[in-house]
Amino acid sequence: MTDKPKTAEKPAFGKIRSFLWPIHNYELKKFLPVLFLFFCIAFNYTILRDTKDTLIMTAPKSGAEAIPFLKVYGVLPIAIVFMLIYSKLSNILSKKHLFYAAMGPFVLFFALFSTVIYPNREALHPHAFCDWLQNYLPTGMMGLVSILRNWTYSAFYVMAELWGSVCLSLLFWGFANDITKVSESKRFYTLFGLGANFSLIFAGAFIMWASKAERAVGLSAEAWQVSLYWLTGAVTLGGLASIGIYSWIHKNVMTDPRFYDQNAQKKMKKSKPKLGIVDSFKMLTKSKYLGLIAVLVLSYGMCINLIEVTWKSQLKLAYPTQGAYSAFMGQFSMTTGIVTMFMIMFVGGNCIRKMGWRFSALLTPVMILITGGLFFTFMIFSDNLGGVVAMLGTSPLMLAVVFGMIQNILSKSAKYSLFDPTKEMTYIPLDPESKVKGKAAIDVVGARMGKSGGALIQQFMIVTLGSIAAMAPYVSVIILALIGFWIFSAFSLDKLFKKAMSDHDAKEAADAKEETSEEATPTASATKEEPAPAS
């Protein structure tokens, strides 16, 4: 009688444990360092994302109108240049040294920004020339002029944008895909998101604390400079920690045969692709599989960019000072982290394991469709909602900020818990050539082109319609069309992904069988020769 409850409790506890923490104890040596690496890179990403918006949105004679121009004429060209350099270096350097070479310039720039560049901003910014230039250009071109006027802030914005594409998408996920087995990916990848969202909460709280320096210094430009010291200092330490953790993993994890096959690594080094940038793009256009992944990335980038710029134009009106704007963004990031952790723990991982790749991949566009529809409905018909606004005891501006915040939080939580893991899973069955070149083209240039495509649309509408608010109805229709194309591409990619995974698993099984037979052959011959000495 006493034994039955014990045996009944163990399976139940095992199910609960596998539901919340599907990691074996011996795997912690591999899982935890990679998790900490993701934490540090995502921590920096959160601080940089919020700080770059604060600098541009609150800069002199600047605002949300500058962002579309900055993405097209700043972020996209630098992303292409980086792609050229990275592609060249990938043929020269080992993956370890390529990681250091790619991350080092970011850490150096952010360390110098608050200590050298920002204190001398007035001497570096050409205000007089931009005032003269503005007199000869139409009002719709104010965003382009503000990029030149505050060019050091623009440089910070570009580097912060590239951190997400290069360090997070390309370096981290490329490294994770190399060292993670297919059997581990379904358990590891969603939990990696926990580290990223712990960093969102931690970074959001840190941003809120650092942005309130005016309490000690007073409401002035010097107060924001103190805040900037703390923010960029934390980013520098996070970058150095990422390099240190990556080095430790190479020394202690990738030398452990339980986690990493050195023979397979040698084969990969011998077959390392030597393709240039042109060949990389040719491979992207010729491969339907990679092309569909690119469509998903492009669609997400365009949809998010079109919605975010509209929201941020309202946000600046509600929080015009640097400290207030940065503090709000810190609260926004912290809330996003909490919601996303809930999504990861109770939706993301279990959805992928139980409902499959297609269902999980479709949740992100559906989430953006629903929440974006609600946000634009309020923006377009706000004049007809006066009774609702009065009943809630708020203003139309604050209600727009709240609706936009909810939309962005839910959309980003769907991205971190579902879109990123499902997208990265599609790279696993690919050959090393497609992983290195195709992933670089998709994640760096593809993601930037997605946001830049949305920015080009916004530029045209700002110049022709005169304001961001006036273009809201047209933007909503474009987003609806993009999401339809996104969903169609996800269905097509699901079929190819299933076939690629089947071929990949069959190849792994064949390789394992071949290794087993090779190990068994010497043993068999030895047993045949053993009776000879005895006779």
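**A walk through the predicted model**

Lysine 61 sits in the loop that runs between helix H2 and helix H3 (66-90). The structure described here is a predicted model, and this loop residue makes a handy place to begin reading it. The phi angle of lysine 61 is near 55°, which is a positive value in a residue other than glycine. As background, most residues other than glycine have a negative phi. Lysine 61 has a relative accessibility of 54%, and because residues over 50% are classed as exposed, this lysine falls into the exposed group.

From the loop it is a short step back along the chain to helix H2, which covers residues 28-57. Isoleucine 47 belongs to helix H2. With a relative accessible area of 1%, isoleucine 47 is buried, since the buried class takes in everything under 20%. Isoleucine 47 also shows how folding can bring together parts of a chain: 188 residues separate it from valine 235 in sequence, yet the two C-alpha atoms are 7.3 Å apart in space. A second pair of this kind involves tryptophan 224, a residue of helix H11 (residues 221-252). Tryptophan 224 and serine 326 are 102 residues apart along the chain, while 9.6 Å separates their C-alpha atoms. Tryptophan 224 is buried as well, its relative accessible area being 3%.

Charged side chains come next. Across the whole structure, a search finds twelve salt bridges. One of them joins two neighbours in the sequence, arginine 49 and aspartate 50, with an N to O distance of 3.5 Å. Arginine 49 has a relative accessible area of 8% and is therefore buried; aspartate 50, at 1%, is likewise buried. Another salt bridge brings together the side chains of glutamate 161 and lysine 52, here with 3.1 Å from N to O. Glutamate 161 lies in helix H8 and lysine 52 in helix H2, so this pair ties together parts that are 109 residues apart in sequence. Both glutamate 161 and lysine 52 are buried. The two residues also take part in a wider network of salt bridges, whose other members are Asp53, Lys71, Glu308, Lys312 and Lys412. Elsewhere, glutamate 424 pairs with lysine 423, and the closest N and O atoms of that salt bridge are 3.3 Å apart. Glutamate 424 is buried, with a relative accessible area of 0%, and lysine 423 is buried too, at 7%.

Helix H8, which carries glutamate 161, deserves a look of its own. The helix has 29 residues (151-179), and at 1.5 Å a residue these should span 42 Å; the C-alpha atoms at its ends are 40 Å apart, so expectation and model agree. The helix does have a kink of about 30°, centred on leucine 162. Of the 29 residues in H8, 26 are buried, which means that the helix is largely enclosed by the rest of the structure.

A similar check can be made on helix H4. Its 23 residues (95-117) should span 33 Å at 1.5 Å a residue, and its end C-alpha atoms are 32 Å apart, so the two values agree. H4 is kinked by about 30° at methionine 103, shortly before proline 105. Methionine 103 is one of the buried residues of H4, a list that also includes Phe99, Phe106, Phe109, Phe110 and Phe113.

What about the cysteines? The structure holds zero disulfides. Cysteine 167 has a relative accessibility of 0% and therefore counts as buried. Cysteine 351, with a relative accessible area of 7%, is buried too.

Finally, attention turns to the surface. Val366, Leu369, Ile370, Leu374, Phe403 and Leu480 form a nonpolar patch there, with about 510 Å² of accessible area together. Helix H16 (residues 357-380) supplies the largest share of this patch, namely four residues. Leucine 374, one of the patch members, lies in helix H16. The relative accessibility of leucine 374 is 52%, so this leucine counts as exposed.

How values were computed
Residues are numbered from 1 along each chain as its sequence is written. This is a predicted model: local features need pLDDT of at least 70, side-chain atom pairs count only at pLDDT 80 or more; totals for chains, interfaces and linings use all residues. Side-chain values use heavy atoms; hydrogens and water are left out. Patches are made of residues with over 30% relative accessible area and no salt bridge: like charges are joined within 9 Å, nonpolar side chains (Val, Leu, Ile, Met, Phe, Trp, Tyr) within 5 Å. Accessible areas come from the Shrake-Rupley method with a 1.4 Å probe; for residues, only the protein chains shown count as cover. A salt bridge is a side-chain nitrogen of Lys or Arg within 4 Å of a carboxyl oxygen of Asp or Glu. Helices (H or I, at least four residues) and strands (E, at least two) are DSSP runs, numbered from the N terminus. Buried means under 20% relative accessible area, exposed over 50%, partly exposed in between (1.4 Å probe, protein chains only). The expected span of a helix is 1.5 Å times one less than its number of residues. The bend at a residue is the angle between axes fitted to the seven residues ending there and the seven starting there. A disulfide is a pair of cysteine sulfur atoms within 2.5 Å.
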